[in-house]
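Good morning, colleagues. Please take a moment to look at the sequence and the structure before I begin.

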Amino acid sequence: MIITFDVHTEERLQIAMTALKHSCYFTVLSKNNEYKSREAMASVHESLYFNPMMTNGVVHANIFGIKDWVTPYKIAVLALLYEMSTTKPMALLDRRRLNKLILPLQQGADLTLEQFVKILEECCPRMVNAVKLKLLLMASGELQDMEHFFTILPNAFSDSEAFKTSVVGLFMRQMLLAYNKLSFSQVYKLYKSLQQYCNLGNQLEISALPTEDMELTSNEDPSADRIDKDELDTPSLHQSELRSDETQGPSSQKQAEYFLARQAYLLKNDENKAMSPAKLQDELNNILKFNPDFAEAHYLSYLNSMRVQDIFISTHSLLHYFDRLILSGGEGKSNGDEGYGRSLRYAVLNLATLHCRFGHYQQADLALQEAIRIAQEANDHVCLQHCLSWLYTLEQMKGSDSVVLTEDSVKIAAHFCLPYLASLGIQSLVQQGAKQGMPANKLLDALRGTDIMHWKQSLSELIEISLAQTTSIWRMYGKSTMARQQAQLLLNMNSLEPVNFSVQQNNTEAFAVALCHLSELHAEQGLYAVVTDIMKHLKQQFPPHTQHAKLWMLCDLKIQFEKAMNDGKYHLAEPHVTAISALNSTEGLYRKAQLLKALNQTSEASKILQQLQQQCEKTKNTEMIIRVMLASAELHWDSSGFASGLPLLLQALAMSRQHNLQSLTSETVLHLAFTQLMLGIPEQALALVQDVLESVLAHGSLIDKGRALLLAARCQMTLAGTAAQEHRLTALEQAVHTLEEAAVYFSRLDCKERMRDIHYLQARLHHTLGNVSQRNKYAMLFRLLDQELPSSGMTVVNRL
């Protein structure tokens, strides 16, 4: 049977209760067309036990808007407040600790007596016995003892102004009002629940209430407060998840708001400390079960779904958030239709950003166009500016040139005094300028100007992004020392954000980027123990399920691949190629080509390099294009001679100098020098090596330093063979010294293949010099390494 009414509030609620008593299925149609289903009403019917909004069968307010009600845990909090007020001689430090503890106790989820006592002992041990005594007297006595407690409770605060104006006073008045509205049967069941709360408080697990009491059970009964042993060992109220997995009843409005605010803050600043995605979604479903119009819960569900890349639930929650926001009428009350239109505009804009995050560029573009159209009709310049900023972001994601759009966005944002959007636009321009080869001084001047604005506006998030971007720019330009300095500056910066819930501001994407740069810089210097420590920290701060975990995963795989390649352990490098390809297809193809080239599979490597170059030209990835050219030139050395690789090397040199890529410029020059050495021009080759040797030793990796010195030694050896007799000995000794210096760098990396090549050249040099003992020593070292390492077609004669 379905009964549909369109009546006033009081009459509608009376009829609803009548329908409940006769077990009818009903739907109440209100003026704003809100429908409540049978399941929702049945759930609320089970939670009416301590609901002060219902007394003697009469509902006095919307049962979906429950404010607060009395529970045994809140009686314990009231007992604490009463003892604090009546206990005059108290240490100042203890009172300060208790004052700081009151608010989270009031707004947080209900705790078991064990948890409550544990937290109270850490704060003020002297107060524990008084509170436990007050509770046990009420629980072990008669019903009139609990009634007497609520009667004398206001007397302790009658002379206090805080009782009228403070949060504590508001909480106490709410509890008194809720208690006074309870019927006698409800008061009796509250008393029995308090007895069970106190009797079972010392147990780690609380058994469920008898089945006959479940019909009108409290939403915060002890059965909903089961906790694990790990949670009992947590030192702070903020550091433990005090909500139970088996919570069946609804939270009060304050508890729900506190829970949502806390989890949203943790998701933004320290996702590792937030609840797991599955557990958080269960809590949100429990909140929405009893109040489906709670808009903030839908939005937190959207954020939680984004963590696990769930497109369906995230879209569903986002749309429901704006639907509830519009239906609530909160915005439309003061602004008329403007509130509705504003929600609609930003709903479409958020939907566009959602599609951008999932890579649905066509759907994102359509949603953006719709948001722009609605914002233009409403003459909303701020919304239009947000749309423009996402429009150029979308163009960048698609690989198009968005410099003009970004410049327009910065100008308009500055005109409408939107510093956040203007700064993001400038940083985007700097990033695009770095890819296009603008000089570093212009880019850093632009970032310095925005940093001044960040400090004035206290935009710490943008300060972190600016430092991380500066680190990346210096790294791309080949200035490893400056990149290391900027990364350390970011890691040692004190955040301007307020720190709550024991959160430290080092869990943003900027910190992850800086740590990844540091790990790669340390790996280049052979400090793999430090790299292990950094990676361990990254795994703790950014677990695999978090959104920034892909950064350190890719970084770790690249380091492991380079280490395996340097060691000549190609069988260990092959699995890393597959894993890298799963995270970044471009990097995966390049590593696969490197591995195939090392395995002398030149034809397969050449095909992959050609495919990779075509992809990079479409996306304008200049750095990767240059690396592909260098790898292709090395393949030409093996197949068609050294002269055939010169056009590619000259093109790579011109491109690297045009884009101010010093590291790639030095590497290209070394390739050119090796080519000239192989073509019989050792004088010119040595001159090229000496031109870039200083920058390589200052900013290059150990492998680059060793390769440069090894090439210089080979040039010196070749020149010594054609030098006059009086200069020949000096040239050979200089080559020996250069080889020894190169051996130091290769030994730090434990690069056995390179050490084998160096020992071979050292043995030949000492043989020429007549040093028999040294010759035999290096010949023996060469033989040991040659027997240990597998034979490869690449020898010191034909490789850089």
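**One helix and three loop residues**

In helix H28 of this predicted model, the residues Tyr570, Ala573, Val577 and Ile580 are buried. Why do they lie on the same side of H28? They share a side because they cover an arc of only 75° around the axis. On the other side of H28, the exposed residues include His571, Pro575, Thr578 and Ala582. As for the partners of the buried residues, they pack against helix H27 (549–567), helix H29 (585–598) and helix H37 (752–769). H28 itself runs over residues 570–583, and its 14 residues reach 20 Å from first C-alpha to last, close to the 20 Å expected.

I turn now to the loops. Gly108 sits between helix H4 (92–107) and helix H5 (113–123). Is this glycine buried or exposed? With a relative accessible area of 8%, Gly108 is buried, as the value is under 20%. Leaving aside residues up to four places away in sequence, Gly108 touches Gln255 and Tyr258. Gly108 and Gln255 are 147 residues apart in sequence, yet their C-alpha atoms are 5.4 Å apart in space.

Two further loop residues deserve mention. Most residues other than glycine have a negative phi. Lys620, however, has a positive phi of about 60°. Lys620 belongs to the loop between helix H30 (602–619) and helix H31 (622–640), and at 53% relative accessibility it is exposed. Asp750 likewise has a positive phi of about 60° without being a glycine. Asp750 is located in the loop between helix H36 (725–749) and H37, and a relative accessible area of 44% makes Asp750 partly exposed.

Notes: Residues numbered from 1 in each chain as written. Predicted model: local features only at pLDDT ≥ 70, side-chain atom pairs only at ≥ 80, totals over all residues. Heavy atoms only, no water. Helix = DSSP H or I, 4+ residues; strand = E, 2+ residues; numbered from the N terminus. Expected span 1.5 Å × (residues − 1). Buried < 20%, exposed > 50% of the residue type's maximum accessible area, 1.4 Å probe, protein only. Arc of directions from axis to C-beta. Contact = heavy atoms within 4.5 Å.
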